[in-house]
Every structure is written in structure tokens, then in C-alpha cells.
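I opened my notebook to record what I looked up, one entry at a time.

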Amino acid sequence: MAPGDSPAIPIPVLTLLLFSFLVLSPVQAIVVYTDREVHGEVGSKVTLHCSFWSSEWISDDISFTWRYQPEGGRDAISIFHYAKGQPYIDEVGAFKERIQWVGDPRWKDGSIVIHNLDYSDNGTFTCDVKNPPDIVGKTSQVTLYVFDKVPTRYGVVLGAVIGGILGLVLLLVLLFYLIRYCWLRRQAALRRRLSAMEKGKLHKSSKDSSKRGRQTPVLYAMLDHSRSTKAASEKKSKGLGESRKDKK
């Protein structure tokens, strides 16, 4: 290497550095969430929810933008914008007097409410969020369907049926364990009662045997006393008879 030339970086080291930069460097990409679809009735109101995730703190320059594409239409128009802490509603479109801001950037919420729904409101609503310097990311879309009467969705009915079955099974299981618990408790009480009765019988028999054991020496003593008394009376009567014979 000639004097003054800068040292060349080997290709493997350069590749490793480039790979580390691409993998380890933080990628700023904001993520926006909405429902897939919402249903509403004519003349009622509906809430279009919009939330987001960002790797950055909530910026003072955060902004929310809602766009609307009519059903069957090709172009999307801006109907609502939030920036610098203020909501801005489009003064030209069909929603100019029917949109209400209900979001809160501190809670990462950019939701809006549409009042007085009409069939012409059917279409796709897009929520876009920017939280500088986190401004790169995909938008999220929600489709609105307006009906005379909101139909009961199959998933809701199926969920209710499954929930009812699970609740019934849970109730039966609880009833089974309750009956089993009461039966075991009753069996335990009967065992304790039988055990107490057996202990009482043993105690009574031992008490009777001990009582008989105490009475036996007394009986023997009384028998010996009666025998000695009888012998003494017989001896005495015999002595009296002999003395009478001598006198004669």
C-alpha cells in the first residue's frame, strides 16, 4: 500500500456492516387499525374507530385524515382532518354537518362519528395517521353498510349459541361437583358418627370390665368374712356344748 492511501475495507467486513445497518437500524413505520366493516341503520349514527401504533412519542404535530370512497366509485375524497390539536371538517361534501370528532391523540385514537346515516353513505372510509417523525406506514380501511334494519350476523348467532352451550355445560359441571361435594360431606359425617359410636362402645365395655374387676375382690372379701364368721360361730357353739357336758 502506497503512502497516503487509505486502507481498503475487506468486502466481507463491508457486507457485514451493511447487513447490520439494515437489520439493526430502527425502521419507522406507523401501523393503523380500523374495523373491517360496520353496519348502521338509516337515520341512526355509527362510530368509525381508528387507532394506531407508533414507535415514537405522541407528537404535537400528529394528524389524522379520513377519506371516503362511495360504493362503486373510483375516487376517494377527504371528509375530515385533524392537525395541531384542531378538527377540520370538509365544508363541501355530503358529510359536512354530520361528522363528529370523538378521538383523543393521547390515547392513540382517531375515531369519528357519522350522524343521520343514509343509503348514499355506503362505501369505504380510510384512516391515515402521521406522527412525525413516524410518518411512513399503511392506511387502514373500514366499509360501511347502511340498512333499514341491521341484520343479525351469522357469526353473532353462532357465537350466542356456542356461548349458551358452554354456559350450560359449565352449569352442569358445577352442579355435578356440588352434588359430589355434598355426598362426600355426608359420607364423612356418617363415618365420624360410626367411629364415635364404636369408641363409645369400647369405652363402655372397658368401663364395665374395670367395674367388674373392682367388684371381684370385694365379693371375695365378703365371702371370706362370712366364712370366718360362720367358723367362729360354729366354734363358739361347740365350746358351749363341751362346757355344758363338763358341768353335767
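Which residue in strand 10 is the bridge partner of phenylalanine 64? I began here, keeping in mind that this is a predicted model, and I found that the partner is valine 129.

Entry on the strands: I then turned to strand 6, where tyrosine 82 stands opposite phenylalanine 64. I noted that strand 5 and strand 6 run antiparallel and are joined by six bridges, while strand 5 also pairs with strand 10 in the antiparallel sense, over eight bridges. Following the chain between strand 5 and strand 6, I saw that they form a hairpin with six residues between them, and that glycine 72 in the turn has a positive phi of about 85°.

Entry on the core: I looked up the largest nonpolar core, which has 26 residues, and wrote down that Val129 is one of those with the most contacts inside it, as are Leu48, Trp66, Ile79, Phe80 and Phe125. Among the elements that give two or more residues to this core I listed strand 5 (63-70), strand 6 (77-83) and strand 10 (123-130). For isoleucine 79, I left aside the neighbours within four places in sequence and found contacts that include Trp66, Tyr68, Ile89, Phe95, Ile99 and Phe125.

Entry on the surface: I finally moved to tyrosine 181, which lies in helix 2 (residues 154-247). Tyr181 belongs to a nonpolar patch on the surface together with Leu168, Leu171, Leu172, Leu175, Leu178 and Ile179, and their accessible area together is about 740 Å². I recorded tyrosine 181 as partly exposed because its relative accessible area is 49%, and exposed would require over 50%.

Terms used. Residues are numbered from 1 along each chain as its sequence is written. This is a predicted model: local features need pLDDT of at least 70, side-chain atom pairs count only at pLDDT 80 or more; totals for chains, interfaces and linings use all residues. Side-chain values use heavy atoms; hydrogens and water are left out. A nonpolar core is a set of buried Ala, Val, Leu, Ile, Met, Phe, Trp, Tyr and Cys residues joined through side-chain atoms within 4.5 Å. Buried means under 20% relative accessible area, exposed over 50%, partly exposed in between (1.4 Å probe, protein chains only). Helices (H or I, at least four residues) and strands (E, at least two) are DSSP runs, numbered from the N terminus. Contact means heavy atoms within 4.5 Å. Patches are made of residues with over 30% relative accessible area and no salt bridge: like charges are joined within 9 Å, nonpolar side chains (Val, Leu, Ile, Met, Phe, Trp, Tyr) within 5 Å. Accessible areas come from the Shrake-Rupley method with a 1.4 Å probe; for residues, only the protein chains shown count as cover. A salt bridge is a side-chain nitrogen of Lys or Arg within 4 Å of a carboxyl oxygen of Asp or Glu. Two strands pair if DSSP finds at least two bridges between them.
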